[in-house]
Amino acid sequence: MTDSELSKLIISTPVGAPVALADEGPEEPDAGAEMELRRVSVPVESHGLRLDKALAELVPEFSRSYLQQLIEAAAVRVKGVIAQKTSLKVKAGDELSVELRPTPQSQAFKPEPMALDIVFEDSHLLVINKPAGLVVHPAPGNWSGTLLNGLLAHDLQACFLPRAGIVHRLDKDTSGLMVVARQRQTMDQLVSMIAARSVSREYVALAHGAWHGAKTRQVEAPIGRDPRNRLRMAVVDLEKHAGKTASTLISLLDNAPKHCLVKCKLHTGRTHQIRVHMAFLGHPLVSDDVYGGAVEGGMQRQALHAWRLAFSHPVTGEALEFTSAPPPDLQAAMTQWGLRYNQTL
């Protein structure tokens with residue numbers, strides 16, 4: 001199977017129940033395709049539209065984001081002149097030509113051998129201990145070298161699954177346990193289990209500030225895009241801003257004069273949920289500069305580790321539980337401040 005054939009398989013979503021993370025747009029030309037020149041004329045009803053929007057309407061089999069990439073790559077001409085901006089306004093009768101060429105995105109879904117720390121594997125699923133620094137899924141700025149690329153190299157079956165079987169994410173700089181499906185039926189079941197909160201996901205986090213008050217706190221605070229900074233998330237008022245409910249159970253493990261070690265159990269899976277909720281409580285994670293954490297203790301990334309994963313096997317029904325001790329950087333920071341981690345928690 002060629003890389004281009006593999007790209008088509010992994011980008012397209014097989015028939016079956018919808019998958020929570022399967023949000024790719026329409027399939028783009030693959031890396032092995034010959035260059036194609038597409039010519040279209042702007043109709044009256046598209047007069048005055050932005051170039052990228054007009055193209056998306058006139059060449060609907062390709063996503064707008066892909067067409068924007070082509071404009072930025074000088075692959076689109078308006079009346080024979082290379083278009084300089086996606087926001088250029090087109091006029092009725094304008095002749096547009098588009099060179100349909102591979103982009104980094106269209107070439108991202110290919111196998112790349114890498115060392116994977118596999119904690120458990122059977123014919124239905126994998127449990128992986130992800131290191132900090134590894135991106136889970138290709139995205140702008142990280143079109144290669146991701147966990148998805150490694151999964152495609154590890155197992156040819158992954159090419160038949162949306163997102164190579166990935167059913168939940170960890171942030172690039174969060175370490176720890178992830179479950180990955182190896183079959184479509186297993187993937188659908190795992191997605192349903194996560195939505196039903198029957199997959200237990202627990203994290204250890206090292207945060208700024210001594211913990212005060214009750215040792216266990218249930219945080220119920222909706223999360224959405226920060227109205228003041230769209231590049232990050234925040235606790236929001238749902239009556240005023242878009243967002244989703246979010247629930248985290250946070251328990252104190254150990255305390256120090258200026259830091260605390262906590263265990264966080266997710267009941268929902270919002271983007272940056274633990275990081276946002278801890279900052280909301282006044283305890284930003286150590287070295288999490290996005291949410292107010294200072295770089296300390298030798299930590300070069302947010303001090304967050306997915307230490308425990310537990311669920312019933314979606315096929316056999318067997319009760320599965322996996323744990324992963326915090327990696328050396330997190331252990332060293334804890335030791336520096338006299339914080340103790342108990343593997344049994």
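Contact here means heavy atoms within 4.5 Å. The model is predicted.

**Exercise 1. Take stock of the protein: how many helices and strands does the secondary structure hold, and what share of the residues is buried?**

Solution.
- Step 1. Count the elements. The protein has seven helices and 15 strands.
- Step 2. Check burial. Of its 345 residues, 49% count as buried. The cut-off for buried is under 20% relative accessible area.
- Step 3. Look at the surface. About 16200 Å² is exposed, and carbon and sulfur atoms supply 51% of that area.
- Step 4. Look at the range of contacts. Take those between residues at least 6 apart in sequence: 66% join residues at least 24 apart.

**Exercise 2. Work out the strand order of the open four-stranded sheet, and say which strands lie at its edges.**

Solution.
- Step 1. Start with strand 1 and strand 4 (residues 95-100). They pair in the antiparallel sense over six bridges. In this pair, S41 stands opposite E95, and V40 has L96 as its bridge partner.
- Step 2. Add strand 2. Three bridges join strand 2 to strand 4, again antiparallel. Here V76 faces V98 of strand 4.
- Step 3. Read off the order. It is 1-4-2-3, with antiparallel pairing.
- Step 4. Name the edges. Strand 1 (36-41) and strand 3 (81-82) each pair on one side only.

Strands of a sheet pair through backbone hydrogen bonds.

**Exercise 3. Find what helix 2 and helix 3 touch on this sheet, and at what angle each runs to strand 4.**

Solution.
- Step 1. Take helix 2 (residues 51-58). This helix packs on the sheet and touches strand 1, strand 2 (76-78) and strand 4. Its direction makes about 75° with that of strand 4.
- Step 2. Take helix 3 (residues 64-72). Helix 3 lies across strand 2 and strand 4. The angle to strand 4 is about 95°.

**Exercise 4. Locate the largest nonpolar core, and say which residues have the most contacts inside it.**

Solution.
- Step 1. Size it. The core has 36 residues. L151, V262 and M278 have the most contacts inside it.
- Step 2. Trace the suppliers. Elements giving at least two residues each include strand 6 (125-130), helix 4 (147-154), strand 13 (259-266) and helix 6 (273-280).
- Step 3. Zoom in on L151. Leaving out residues up to four places away in sequence, L151 touches L116, L126, I128, A158, A164, I166 and V180.
- Step 4. Look for another core. One of 20 residues lies apart from the largest, with V40, L55, V59 and L70 among its members.

In soluble globular proteins, nonpolar side chains tend to be buried together.

Conventions
Residues are numbered from 1 along each chain as its sequence is written. This is a predicted model: local features need pLDDT of at least 70, side-chain atom pairs count only at pLDDT 80 or more; totals for chains, interfaces and linings use all residues. Side-chain values use heavy atoms; hydrogens and water are left out. Two strands pair if DSSP finds at least two bridges between them. Axes are lines fitted to C-alpha atoms, for helices over the stretch in contact, and angles run from 0 to 180 degrees between N-to-C directions. A nonpolar core is a set of buried Ala, Val, Leu, Ile, Met, Phe, Trp, Tyr and Cys residues joined through side-chain atoms within 4.5 Å. Buried means under 20% relative accessible area, exposed over 50%, partly exposed in between (1.4 Å probe, protein chains only). Accessible areas come from the Shrake-Rupley method with a 1.4 Å probe; for residues, only the protein chains shown count as cover.
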